[in-house]
Amino acid sequence: MACGAAREGKSDTASLELLPSAPRKMNESKPGGSQNSTCVFCRKNDDCPIKYGEKKTNEKWNLTVHYYCLLMSSGIWQRGKEEEGVYGFLIEDIRKEVTRASKLKCSVCKKTGASIGCVAPRCKRSYHFPCGLQRECIFQFTGNFASFCWKHRPVQIITSNNCRDSLLCTICLEFIEPIPTYSVLRSPCCKNAWFHRDCLQVQAINAGVFFFRCTLCNNSDIFQKEMLRMGIHIPEKDASWELEENAYQELLQHYEHCDVRRCRCKEGRDYNVPDSKWEIKRCQCCGSSGTHLACSSLQSWEQNWECCECRSILYSAGEFQKAKKHALPNTNVGINDCLLEESSPKLPRQSPGDQCKDLLRQGSKFRRDISTLIIELGFQVKKRPKKVFINKANFWNSALDGFRNQNFNPSYTIEIVYVNENDHFGREQPGSKQEFLSLLMQQLENSSLFEGSLSKNLSLNSQALKENLYYEAGKMVAISLVHGGPSPGFFSQTLFNCLAYGPENTQPIVDDVSDFDVAQIMIRINTAATVDDLNSLIHDYYKYLEFIGCLRLITSISDKYMLAKDVLVYHVIKRVQAPFESFKQGLKTLGVLEKIQTYPEAFFHIFCHKPENLSAKILSDLFTVHTLSDVQTLGFWNSYLQAVEDGKSTVTMEDILIFATGCKSIPPAGFKPNPSIECLHMDFPVGNKCDNCLALPITSTYKEFQESMDFAIKNTLRLEKEENSHFI
C-alpha cells in the first residue's frame, strides 16, 4: 500500500495543530449531534478525544468522523484549507476513502471499513483505528503519518538493562517492570526514566509541544522525537493549564481560614483580626491551611505551625531517612512520593531485590490502606462544579440522563439538584451528593443487572446490554468511589476476582449459581454414583449441554467433576462475558479498575462486604462540635447514642446517620465535610445533609430530648422511604 504517497499534503503542523481541545469552529452539528452519531471510518459511537481524537459531525453532509481515524486513513490527504470540509479534508475525498475502505476487511475485528494499512513492505494488514489500538499498533503523528501493525511496529532497543527489579513510572509513581514493551516506554535521554504509555499520552495532550519534555532532565528535542516515533501524539498547542481563565488567580490571594478540628472562635472560621489571638496563621510548609493563634495555643505570630498533613509528611520523611539502608535501589522516591503514605513499617534486613518483590506482592501497610487509595483517586476531581439534575420520581432515568449528558465530566465536582416535574415554578432544591450516590448504589444492588441474594454476580439481561446499562453501572460504581460515595459491598468474590485477576484466573463456586434449574443440574451431576447415572443425566439434558458447549465423553465416574466445572464456568463466567466486558469498561472511569487490579486486597473488603456496624463510640467520634454548644445537650446526645445502641429506642444507629448525612454507612474515604453538631433552641432536631450537620434541640430534661429525637428521626425517614419506595 503506497501510504507514503498518500500522505503527501498531510503536514506535521496540520496534525499537531488540530488537537481535540483546540478552540476552533468545529461542530456544525446540533448540540449532542456527534454524541449520537457513529464515525464513518471505525463505526464507533465513542466520544473519547484522548484515544480517538475529537469527534466531529458535519450536519450538512450528515457525516461524523473521529479526528485520528480521518488523519491516519491511508488513502486520503489534506487538499483543502483548514476551514474547508473536515479539518481541511474535503467531503468528496472522505467519501471516496470510505468507499475504498468498505472493500477492506479489518485484520482484528474481521469487519469491513478498515481504512488504515501497515506501511511495512509486503504487509497487507488493514484495520480500524480503535482496533489498531486494541492490538497495540503504533500510529506516528508526524511525517507521512505512518501506521505499523503489531508485527512490524517500531520497538525501543535497550542494549543493557541493569535494573532487574521494578522501578517507578516517573509520572504516576506506580511500579512497572523496566522492560520496553508497547505499554512501557523508556526515555531516550535518561537511563532510569520509565513511563506507562497511557501516562505519557495524557501528559502530552495536557502539556502540548511547548511543554512536553522528559520529567527528569527536561530535554524536549530528543525526548519528543523518540516519543513521536513510538506513537505518542504531541499536539501543537499551549499547555492546558495555561489556557484556563484566571488559572493563577488564587496565587494572588492569601489563605484566611481556620482548619483545626475544633475552632474556638465564636465569629467563625473565616474571622481574622491581625495582632490578636484571632489572627489566622498559615502553615509554614504548604500555606494552604490555617489556624487562629488561640485555636492552636500559639503565643505569637513568630511561633512555627504546620498543618496535620504537612506534619505527618515531615514525620514520614524523618522515618524514611532513618531507614536509608533499606531504600529500594535505582528509584527516585523522595518526600513527594510519600504524600499519602503512612510511615514505613520497620523491615527485616533484606536484599534490595527481595524488598522490591515483597512490595509488589503484598504491598506495605500504607499501600494497602483503602481510604488512602481512594483519596489518591479523588485528586483527579477538579474544583469545577457540574450540576446533575435529579427527579426523585424518576430517579434511575434522571441519573442515567445526567451521566450520559455530553457535557458531563466525571472529573468535575458533582452538584446534585433535585427537581420536580410537577412544580410549575421550576424551583430547584440542592441535594446531598453523598445521599445521591448512596441511593444510586442501592438502586444498582436491587437492579436486574445483578443476580443473587447477598453476594451478587452479573446477570444476562439482553435489553440492558442493548442499552449499554452495564457500562453505565460500572461508571456509576467508579464515580461513587472517587467522589466520596459508598462502595457497592454486594459483589460476590467470584465477580471481584474476575475484575481484579481476570476471568481466566477465576474459579467460580456452586453458590454463584442463582438459577434454580441450573442448580438442580449441578446437584444431579455431583451426586451421580455411577457412569450410567451420569450418562442418563447427559441424555436428559442433552440439548442444554450441547447448547452451552459442555458435552463430553464419559468414561469414568470421575468425569463428573470436569462436567460440573464446565457447566459452572459457563453459567457464571462465559454466559455473561458481554455484560462483564461492558461493566469492566465502565469501571475504568477515572482509573478505578486499574487501581483495583493493582491493590486487589485493599479493594476486596469494600466491594464484597458491607461496612461494619455502627456503634455509639463510632458516631460520637464521627460528629464534631460545630461551635460552642450547650454542655447539657451534648451530655444528652451521648446518653441518647448509648440508649440507641442498647436497643432502648425505636431508632437505630443507621437511622441517625441517614438523618444527618443521607448515608447509612461511613464512605471508605470518610465524609466531606466532616459531620458536625450544633445545639439550637428548637423543638426538634434538624439534619442538613448537604453540610452533614445535625442540629440538636436544647431541652430541660433527657426524656424530652429522647422523645424529640425519636419522633423527628423516625417520621422523617418514614416519609422519605414512602417517597422513594417506588424506585428503590
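Axes here are lines fitted to C-alpha atoms, for helices over the stretch in contact, and angles run from 0 to 180 degrees between N-to-C directions. All views come from a predicted model.

**View A. Helix 14 packs against helix 16.**
Helix 14 spans residues 433-445 and helix 16 spans residues 469-482. Their axes lie 10 Å apart, at an angle of about 145°. The crossing of the two helices is left-handed. Helix 14 brings Leu437, Leu440, Met441 and Leu444 to the contact. Helix 16 meets them with Ala473, Met476, Val477 and Ser480. By class, seven residues of this contact are nonpolar, one is polar and none is charged.

**View B. Strands 13, 14 and 15 form an open sheet.**
The three strands follow the order 13-14-15, with mixed pairing. Strand 13 (382-391) and strand 15 (428-431) are the edge strands. Each has a single partner strand, so one side of each has no neighbour in the sheet. On average, neighbouring strands of this sheet are turned by 35° against each other, direction ignored. Strand 14 covers residues 412-419 and runs antiparallel to strand 15. Four bridges join this pair. Look for isoleucine 416, which stands opposite glycine 431 in strand 15.

**View C. A four-stranded open sheet has the order 18-19-21-20.**
Pairing in this sheet is mixed. Strand 18 (624-625) and strand 20 (686-688) stand at the edges. Each of these edge strands has a single partner, so one of its sides is left without a neighbour in the sheet. Strand 19 (residues 676-680) pairs with strand 21 (residues 693-697) in the parallel sense, over five bridges. Within strand 21, alanine 695 is the bridge partner of glutamate 678. Helix 27 (residues 653-661) packs on the sheet and touches strand 20 and strand 21. The direction of helix 27 makes about 60° with that of strand 20.

**View D. Threonine 494 sits buried in helix 17.**
Helix 17 covers residues 493-501. Threonine 494 has a relative accessible area of 5%. Buried means under 20%, so this residue qualifies. Its side chain makes a polar contact of 2.5 Å with the side chain of aspartate 512. Aspartate 512 is also among the contacts of threonine 494 when neighbours within four places in sequence are left aside. The others in that set are Asn457, Thr506, Gln507, Pro508, Ile509 and Val572.

**View E. Serine 74 is a buried loop residue.**
The loop lies between helix 4 (67-72) and helix 5 (91-101). Serine 74 has 3% relative accessibility. That value falls under the 20% cut-off, so serine 74 counts as buried. A polar atom of the serine 74 side chain lies 2.9 Å from the backbone nitrogen of glycine 117.

**View F. Aspartate 621 is partly exposed in helix 25.**
Helix 25 runs over residues 616-622. Aspartate 621 has 42% relative accessibility. Partly exposed covers values between 20% and 50%, so aspartate 621 belongs there. In sequence, aspartate 621 and proline 675 are 54 residues apart. In space, their C-alpha atoms are 9.8 Å apart.

Definitions and conventions: Residues are numbered from 1 along each chain as its sequence is written. This is a predicted model: local features need pLDDT of at least 70, side-chain atom pairs count only at pLDDT 80 or more; totals for chains, interfaces and linings use all residues. Side-chain values use heavy atoms; hydrogens and water are left out. Buried means under 20% relative accessible area, exposed over 50%, partly exposed in between (1.4 Å probe, protein chains only). A polar contact is a pair of N or O atoms within 3.5 Å; within protein, one must be able to donate a hydrogen and the other to accept it, and residues adjacent in sequence count only if both atoms are side-chain atoms. Contact means heavy atoms within 4.5 Å. A crossing is left-handed if the near helix is turned anticlockwise from the far one by less than a right angle, and right-handed if clockwise. Ala, Val, Leu, Ile, Met, Phe, Trp, Tyr, Cys and Pro count as nonpolar, Asp, Glu, Lys and Arg as charged, and the others, Gly among them, as polar. Two strands pair if DSSP finds at least two bridges between them.
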